[in-house]
Amino acid sequence: MSIRLGDIAPDFEQDSSEGRIRFHEWLGNQWGILFSHPADFTPVCTTELGFTAKLKDEFAKRNVKAIALSVDPVDSHIKWIGDINETQNTAVNFPILADADRKVSELYDLIHPNANDTLTVRSLFVIDPNKKVRLTITYPASTGRNFHEILRVIDSLQLTDSHKVATPANWQDGDEVVIVPSLKDEDEIKQRFPKGYRAVKPYLRLTPQPNK
């Protein structure tokens, strides 16, 4: 069964490159990124995991933990991490789940038979501290992920959780944001957005990002 936005991310217990993982316990009260890879020792995945390691400080600023998944076993992961560190000039600093029994892959619907009936697709889930799934993205095996976009979405989710705003197309942290249409009381708007706003249309009101 597919996972939809707002669902509680399925909990699981599985081996990883950093030992046994109890997923919800491991997440604690942080945000999480769970992302799957078709297999170890594959070129695109090697670049993705290396880039994820380099984003450690960016994830830490956002209170985010990263965890990867492949259907290969732990000993394979350990050897692959050596290759990742060497070729990407980094040090992998997050666990890689060893989902040899496909337990997590089945929970998260990561095997798409029409693409490949044994390897996981390139899926990613953003999970909030309440264990709710807030974003799902699935790429084909041939296309590496854009991790700058993933950071952008996390920034948007964390901002819009705290303020009555939404983020427009191509928004980047620091850009103007949209006041949600449900907020109509002018006194409340002035209180929430003391920098004011401009109404392009009655339903399209733009204001400076409130947490800047």
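In what order do the five strands of the open sheet with mixed pairing stand? The tour comes to that sheet after a look at the whole chain.

**Whole chain**

Load the full model, which is a predicted one, and colour it by secondary structure. Seven helices and eleven strands should appear. Along its principal axes, the C-alpha trace spans about 60 × 40 × 30 Å. The protein has 212 residues, of which 45% count as buried. If you display contacts with a separation of 6 or more, 65% of them are accounted for by residues 24 or more positions apart.

**The five-stranded sheet**

Select E3, E4, E5, E6 and E7. The order across this open sheet is E5-E4-E3-E6-E7, and the pairing is mixed. Look next at the two edges, which are strand E5 (96–98) and strand E7 (133–139). Each of these has a single partner strand, so one side of E5 and one side of E7 are left without a neighbour in the sheet. Turn the view along the sheet to see the twist, which averages 20° from one strand to the next.

Now keep strand E3 (residues 31–36) and strand E4 (residues 64–70) and hide the others. E3 and E4 pair in the parallel sense, over six bridges. To find one point along this pairing, show isoleucine 33, which stands opposite alanine 66 in E4.

**Helices on the sheet**

Bring back the sheet and add helix H6 (residues 147–162). H6 lies across four strands: E3, E4, E6 (122–127) and E7. Its direction is at about 150° to E3.

Then add helix H4, which lies across E4 and E5. H4 runs at about 150° to E5.

**H2 against H4**

Select helix H2 (residues 43–54) together with helix H4 (residues 74–88). The two pack at an angle of about 70°, and their axes are 9 Å apart. H2 and H4 are therefore roughly perpendicular to each other. Show side chains for the residues that make the contact: on H2 these are Cys45, Thr46, Thr47, Leu49, Gly50 and Lys54, and on H4 they are Trp80, Ile84, Thr87 and Gln88. Sorted by class, the contact has four nonpolar, five polar and one charged residues.

Stay on H2 for a check of its length. With twelve residues at 1.5 Å a residue, H2 should span 16 Å; the C-alpha atoms at its ends are 17 Å apart, which agrees. Which residues of H2 are buried? They are Cys45, Thr46, Glu48, Leu49, Gly50, Thr52 and Ala53.

**Two residues of H4**

Centre on glutamine 88, which is found in helix H4. Its relative accessible area is 17%, so glutamine 88 is buried, the cut-off being under 20%. Leaving aside residues up to four places away in sequence, glutamine 88 touches Thr46, Thr47, Gly50 and Lys54. For a distance across the model, draw a line from the C-alpha of glutamine 88 to that of leucine 34: the two are 54 residues apart in sequence and 21 Å apart in space.

Move to serine 76, which also has its place in helix H4. Is serine 76 buried or exposed? Serine 76 counts as buried, because its relative accessibility is 14%. With residues up to four places away in sequence left out, serine 76 touches Asp40 and Phe41.

**The four-stranded sheet**

For the last stop, select E8, E9, E10 and E11. This open sheet has the order E8-E9-E11-E10, with antiparallel pairing. At its edges stand strand E8 (165–166) and E10; each has a single partner strand, so one side of each is left without a neighbour in the sheet.

Start with strand E9 (residues 177–179) and strand E11 (residues 204–207), which pair in the antiparallel sense over two bridges. Within this pairing, valine 177 stands opposite threonine 207 in E11.

On to strand E10 (residues 198–201): E10 and E11 also pair in the antiparallel sense, over three bridges. Show alanine 199 and arginine 205, since arginine 205 in E11 is the bridge partner of alanine 199. Finally, trace the chain from E10 into E11. How many residues lie between the two strands of this hairpin? There are two residues between E10 and E11.

Notes:
Residues numbered from 1 in each chain as written. Predicted model: local features only at pLDDT ≥ 70, side-chain atom pairs only at ≥ 80, totals over all residues. Heavy atoms only, no water. Axes fitted to C-alpha atoms, helices over the stretch in contact; angles between N-to-C directions. Parallel < 35°, antiparallel > 145°, perpendicular 65-115°, else oblique. Contact = heavy atoms within 4.5 Å. Nonpolar A, V, L, I, M, F, W, Y, C, P; charged D, E, K, R; others polar. Expected span 1.5 Å × (residues − 1). Buried < 20%, exposed > 50% of the residue type's maximum accessible area, 1.4 Å probe, protein only. Pairing = 2+ DSSP bridges.
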